[in-house]
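Here is a short briefing to read alongside the structure. Take a moment to look at the picture, then follow the points below.

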Amino acid sequence: MTMSFGIQRLAMCTAVLGLLWAGIGCGGPGSAHQGALADAAQEVAQGLSALDGLNLDSLAASQKRVATRFKDLNWLMADSSLTFSLEDGQLIGDWARVKRYLKGTPQKVDLLKKQGEVCRTQLEGLRDAIRTRAKVDGMGQAMDEGYFDTQARRELDAYKAWKSACDDTQRYIRLGMETEQSTLAKMDSLILAKRAEWAQQIAQGDA
């Protein structure tokens, strides 16, 4: 009798533990996406922090220097009597890339910040809906497993696209500013030399 009672007790405990583990494993519709959504939201927060850390004043100064040098170059290159070496052409090509890398970057950074905030809000909102086991969304649509699968995939795809654009923009800014700084002295020397060459030709023509 005592042994039978002990076996019954063990069976009851096993059944209770089984129910507890089942409850833990079954977190409701969409629970499988919780981790990915949380990681993505954290990555967006880090990306926004990196964008906030960009020195836009230095970026604007680089853009201004590039624009000024190209204004001089365009004027000098319009004179067909001036010749440019292969090395000169490579330097000008480097600066053309700098100009392309930095073009419109302040506006891109502002747009990325706005898009990032929206992306983070959407990710966190969907995660909260899963965590609280919401039943219906704002449009009256049932929030079942299929709903969360679709929405999670959509929001994670949007996050990946945003992160890719964010990484590319920061990489272009870094490359542009580094190239501009490393070749600035050479560019100034080239412009100074071509101005001197142009002035000499004018002087010889007037002689």
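Helices are DSSP runs marked H or I with at least four residues, numbered from the N terminus. With that in mind, arginine 131 and aspartate 128 can both be placed in helix H5, three residues apart, about one turn of the helix. Please remember that this is a predicted model.

**How two helices pack**

- Helix H2 covers residues 34-52 and helix H5 covers residues 105-131; the two pack with their axes 9 Å apart, at an angle of about 155 degrees.
- Because angles over 145 degrees count as roughly antiparallel, H2 is roughly antiparallel to H5.
- The crossing that H2 and H5 make is left-handed.
- Sorted by class, the residues in the contact of H2 with H5 are 14 nonpolar, two polar and seven charged.

**Salt bridges in helix H5**

- Across the whole structure, a search turns up 10 salt bridges, and the pairs described here are among them.
- The side chains of arginine 131 and aspartate 128 form a salt bridge, with an N to O distance of 3.4 Å.
- Arginine 131 counts as exposed, at 54% relative accessibility, while aspartate 128 counts as partly exposed, at 36%.
- Helix H5 also holds glutamate 117 and arginine 120, which are separated by about one helical turn because they are three residues apart.
- The side chains of glutamate 117 and arginine 120 meet in a salt bridge too, at 3.0 Å from N to O.
- Glutamate 117 is partly exposed, with 38% relative accessibility, and arginine 120 is partly exposed as well, with a relative accessible area of 24%.

**A salt bridge in helix H4**

- Helix H4 spans residues 86-102 and contains both arginine 97 and aspartate 94.
- These two residues sit three residues apart, about one turn of the helix.
- A salt bridge joins the side chains of arginine 97 and aspartate 94, at 2.2 Å from N to O.
- Is arginine 97 buried, exposed or partly exposed, and what is its relative accessible area? Arginine 97 is partly exposed, at 35%.
- Its partner, aspartate 94, has a relative accessible area of 22%, so aspartate 94 is partly exposed; the cut-off for buried is under 20%.

Conventions. Residues numbered from 1 in each chain as written. Predicted model: local features only at pLDDT ≥ 70, side-chain atom pairs only at ≥ 80, totals over all residues. Heavy atoms only, no water. Axes fitted to C-alpha atoms, helices over the stretch in contact; angles between N-to-C directions. Parallel < 35°, antiparallel > 145°, perpendicular 65-115°, else oblique. Left-handed = near helix turned anticlockwise from the far one by under 90°. Nonpolar A, V, L, I, M, F, W, Y, C, P; charged D, E, K, R; others polar. Salt bridge = Lys/Arg side-chain N within 4 Å of Asp/Glu carboxyl O. Buried < 20%, exposed > 50% of the residue type's maximum accessible area, 1.4 Å probe, protein only.
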